[in-house]
Amino acid sequence: MVLLHKFTMKIRVFLLMLAVFSRGLAQVEENEADQLQVETLAKPETCSVLSTVGDTLRIHYTGRLMDGKVIDSSLSRDPLVVELGKRTVIPGLEQSLIGVCEGQKIKATIPSHLAYGKKGYPPTIPGDAALEFEVEVISVAQQTQWQKIINDVFPLVCLALVPTLLGLVGLYLYKKANAQKPSKKKSKDKKSKKK
């Protein structure tokens, strides 16, 4: 009886460890599916300028569902113009375009939370769909110093102006509310004196 009890305890411990181990493997696979994966398909020999936030890229792309069904492509039209940091494309595609150079070809596997999320984009893209984009970077135009000032400094100046303007409006309203108003009796007295 004691031998049977020890044997069943060992089996229980083994099964528990097996369950923990398999859960860990499943979690690793889940985490890999939740992250953006970018693979370089072709890269020019010389790459002097890497794209950064604020740069303007012209790209050709083909977007697919994970089963291979094409959802969109720019190959039959003009290249798509993307200004990095302006959120003109889905977040996963924008993130995959940071650090690329002119002439580079990449394949980005984009998890659903960096694409169209739980809702998808019916009827073309179902909810919780991961996407795959093949992208060719046609050109990279770096932002000029003036664009950098406008993109970085101008929003901060506007943020500083909002409280200032609200304070001025409040001061005006406060002074207007506390200004002495001539009473009706005094204005009648002035009219009667004029007569």
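Visitor: By the ring-pairing rule, how many aromatic pairs does the count come to?

Guide: The count comes to two aromatic pairs. The rule is that rings of Phe, Tyr and Trp (its six-membered ring) pair if their centres lie within 6.5 Å; planes under 30 degrees apart count as stacked, over 60 as edge-to-face and the rest as tilted. Please note that this is a predicted model, where local features need pLDDT of at least 70, side-chain atom pairs count only at pLDDT 80 or more, and totals for chains, interfaces and linings use all residues. Residues are numbered from 1 along each chain as its sequence is written, and side-chain values use heavy atoms, with hydrogens and water left out.

Visitor: What makes Tyr 61 and Phe 133 a tilted pair?

Guide: Their ring centres are 6.0 Å apart and their planes meet at 45°, so the rule above calls them a pair and tilted. Tyr 61 belongs to strand E2 (residues 56–65) and Phe 133 to strand E6 (residues 131–141), and the two residues are 72 apart in the chain. Strands (E, at least two residues) and helices (H or I, at least four) are DSSP runs, numbered from the N terminus.

Visitor: Why is Tyr 61 called buried?

Guide: Buried means under 20% relative accessible area, exposed means over 50%, and partly exposed lies in between (1.4 Å probe, protein chains only). Tyr 61 has 8%, so Tyr 61 is buried. Phe 133 is buried too, with 6%.

Visitor: And why are Tyr 116 and Tyr 121 called tilted?

Guide: Their ring centres are 5.5 Å apart and the planes stand at 40°, so this pair is tilted. Tyr 116 has a relative accessibility of 33% and therefore counts as partly exposed.

Visitor: Why is E2 described as largely enclosed by the rest of the structure?

Guide: Seven of the 10 residues of E2 are buried, so that description fits E2.

Visitor: How do you know that E2 and E6 pair?

Guide: Two strands pair if DSSP finds at least two bridges between them. E2 and E6 have 10 bridges, in the antiparallel sense, and Tyr 61 stands opposite Val 135 in E6. E2 is also joined to strand E4 (residues 80–83) by four bridges, again antiparallel, with Glu 83 in E4 as the bridge partner of Thr 56.

Visitor: What makes E2 and strand E3 (residues 70–73) a pair?

Guide: Three antiparallel bridges join E2 to E3, and one facing couple is Gly 63 and Asp 72. The two strands form a hairpin with four residues between them, and Gly 68 in the turn has a positive phi of about 100°.
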